[in-house]
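Could you walk me through this structure, one selection at a time? I have it open in my viewer and would like to know where to click next and what I will find there.

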Amino acid sequence: MAIAALVTWIITAGFGFFMLGTWISRGGARADASSHFPPPVVFGHFLLAAAGLIVWIVYVINDATTLAWVAFVDLVVVAVIGDVLVLRWTRDRRSANGSAATGTTSDRRASTDTMTARARGLQLAEQRIPTAAVVLHGVFAVTTVVLVLLAALEVGGS
Amino acid sequence: MGETSNRAKEPASALLAGPYGHPFHPILVTVPIGAWVSSLVFDVAAHFVREPTALATGARWLIGIGVLSALAAAAVGFLDFFMIPAGTRAHRVAITHMVLNLSITVVFALDFLWRLTTVSPTSVGPLLLSALGIAALGVSGSLGGKLAYRYGVRVVDEAAQADGFLTIHASRPDSPVGSFVDEGD
């Protein structure tokens, strides 16, 4: 169980790494950023998730139940912060797509260039993140939280 | 070009990656490097002492500390990596540096697990694996050095560096320090 959680955790981290990279390289963390993500929220999510992963690696080796619970509580906090980010991301995406959908597919790019207030949402750093990455990150994250809880409850072997 | 290289000088997050001109990654990497090198010293020393068990245990602990601190250093390193514009020479060096370091961390993690099963404190296998890891670490470290000293990643721009080479008198003519130097002369 602990090893399974470690594997899904690392996969989740991989997608997170990709998304964080996309967001930072598009200037999401800059002071003059075109982003609706507050940097402390993004970096808090990243830092707590990375710290939790380190705790989990120690747990896998020494099997101390306390560490499993520390990791679980940490993950719940990480998940809440992640939810805040994904809610904001979804809302911006929906409103941007809503305005873009007013044109035909062929002139969608042109309508974005006119930069109506809503279409500007597509220019946000975080909107460069593909939906697939967000969904897969979420699916593996939920799986990880469940596996970590099961390991902490000592359900099944480790 | 100036704009492009300047971006890599800035921290993604001053709090996590260190303020402008004071990156945290080079500070953090000293821990895994020190731990892993010391573990190899312990491994070698274990062959020359009467009670090698203590040194073998110490070596295993140092490898574990190295793996965990390497992950912390990596987390901060990722933030600096994301600031390097893609498609540049510096970006390619950074990718090699990152992949090599992550591989080395996996090697030491396997080294640690191997030592949990190995009975003899003077086994040569884990020692050779550590030696291999440290050799690779030297290569990877030199790439990290290239990123900082050759390409100036996370190093302040030249105008800011020049501050350090102005004489105190010339740079701060109105300051109490400046006038003190003046009087002393």
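Start by selecting I134(B) and then show its contacts: leaving aside residues up to four places away in sequence, I134(B) touches W36(B), V37(B) and L40(B). This is a predicted model, so everything on this tour is a feature of a prediction. I134(B) sits in helix α7 of chain B, which covers residues 124–150. Is I134(B) buried, exposed or partly exposed? It is partly exposed, because 18 other C-beta atoms lie within 10 Å, while a buried residue needs 20 or more. For a sense of scale, add H47(B) to your selection: I134(B) and H47(B) are 87 residues apart in sequence and 19 Å apart in space, C-alpha to C-alpha.

**Along helix α7 of chain B**

Now colour the whole of α7(B). This helix has 27 residues and reaches 38 Å from its first C-alpha to its last, close to the 39 Å expected at 1.5 Å a residue. Which residues of α7(B) are buried? Highlight P126(B), L127(B), S130(B), G133(B), L137(B), S140(B), G144(B) and L147(B) to see them. The buried residues of α7(B) pack against two helices of chain B, α4 (30–45) and α6 (89–117).

Step past the end of the helix next. Just after α7(B), G152(B) has a positive phi of about 70 degrees. Then click on R154(B), which has a positive phi of about 65 degrees although it is not a glycine. R154(B) belongs to the loop between α7 and α8 (158–162) of chain B. R154(B) counts as buried, because it has 24 C-beta neighbours inside 10 Å.

**Over to helix α4 of chain B**

Select α4(B), one of the helices that the buried residues of α7(B) pack against. α4(B) has 16 residues and reaches 22 Å from first C-alpha to last, close to the 22 Å expected at 1.5 Å a residue. Its buried residues are P32(B), A35(B), W36(B), S39(B), F42(B) and D43(B). Turn the view until you look down the axis of α4(B): the buried residues fall within an arc of 115 degrees, so they line one face of the helix. A helix makes such patterns easy to spot, because an α-helix has 3.6 residues a turn and residues three or four places apart point the same way. Which helices do the buried residues of α4(B) pack against? They pack against α5, α6 and α7 of chain B.

**Zoom out to chain B**

Show all of chain B as a cartoon. You should find ten helices and zero strands. Of the 185 residues of chain B, 32% count as buried. Take the contacts in chain B with a separation of 6 or more: residues 24 or more positions apart account for 72% of them.

**Where the chains touch**

Bring chain A into view. Eleven residues of chain B are in contact with eleven residues of chain A. Helix α5 (residues 52–82) of chain B gives the most to the side of chain B that touches chain A, with six residues. By class, that side of chain B has ten nonpolar residues, one polar residue and no charged residues.

Next, look for the largest nonpolar core, which has 68 residues. Which of them touch the most other members? Select W23(A), V148(A) and F82(B). The largest share of this core, 14 residues, comes from α5(B). Stay on V148(A) for a moment: not counting residues up to four places away in sequence, V148(A) touches A5(A), A68(A), A71(A), F72(A) and L75(A).

**Finish in chain A**

Now show chain A alone. Chain A has five helices and zero strands. Of its 158 residues, 35% count as buried. Colour chain A by confidence: the average pLDDT is 86, and 83% of the residues score at least 70. Where is confidence lowest in chain A, and where is it highest? It is lowest in helix α4 (residues 108–113) of chain A, at a mean of 51, and highest in helix α5 (residues 131–152) of chain A, at 95.

For a last stop, select E154(A), in the segment after α5 of chain A. E154(A) has a positive phi of about 60 degrees although it is not a glycine. E154(A) counts as exposed, because it has 12 C-beta neighbours inside 10 Å.

Methods
Residues numbered from 1 in each chain as written. Chains lettered and ligands numbered in written order. Predicted model: local features only at pLDDT ≥ 70, side-chain atom pairs only at ≥ 80, totals over all residues. Helix = DSSP H or I, 4+ residues; strand = E, 2+ residues; numbered from the N terminus. Contact = placed C-beta atoms within 7 Å. Nonpolar A, V, L, I, M, F, W, Y, C, P; charged D, E, K, R; others polar. pLDDT = per-residue confidence, 0-100. Core = buried A, V, L, I, M, F, W, Y, C linked by C-beta atoms within 7 Å. Expected span 1.5 Å × (residues − 1). Arc of directions from axis to C-beta.
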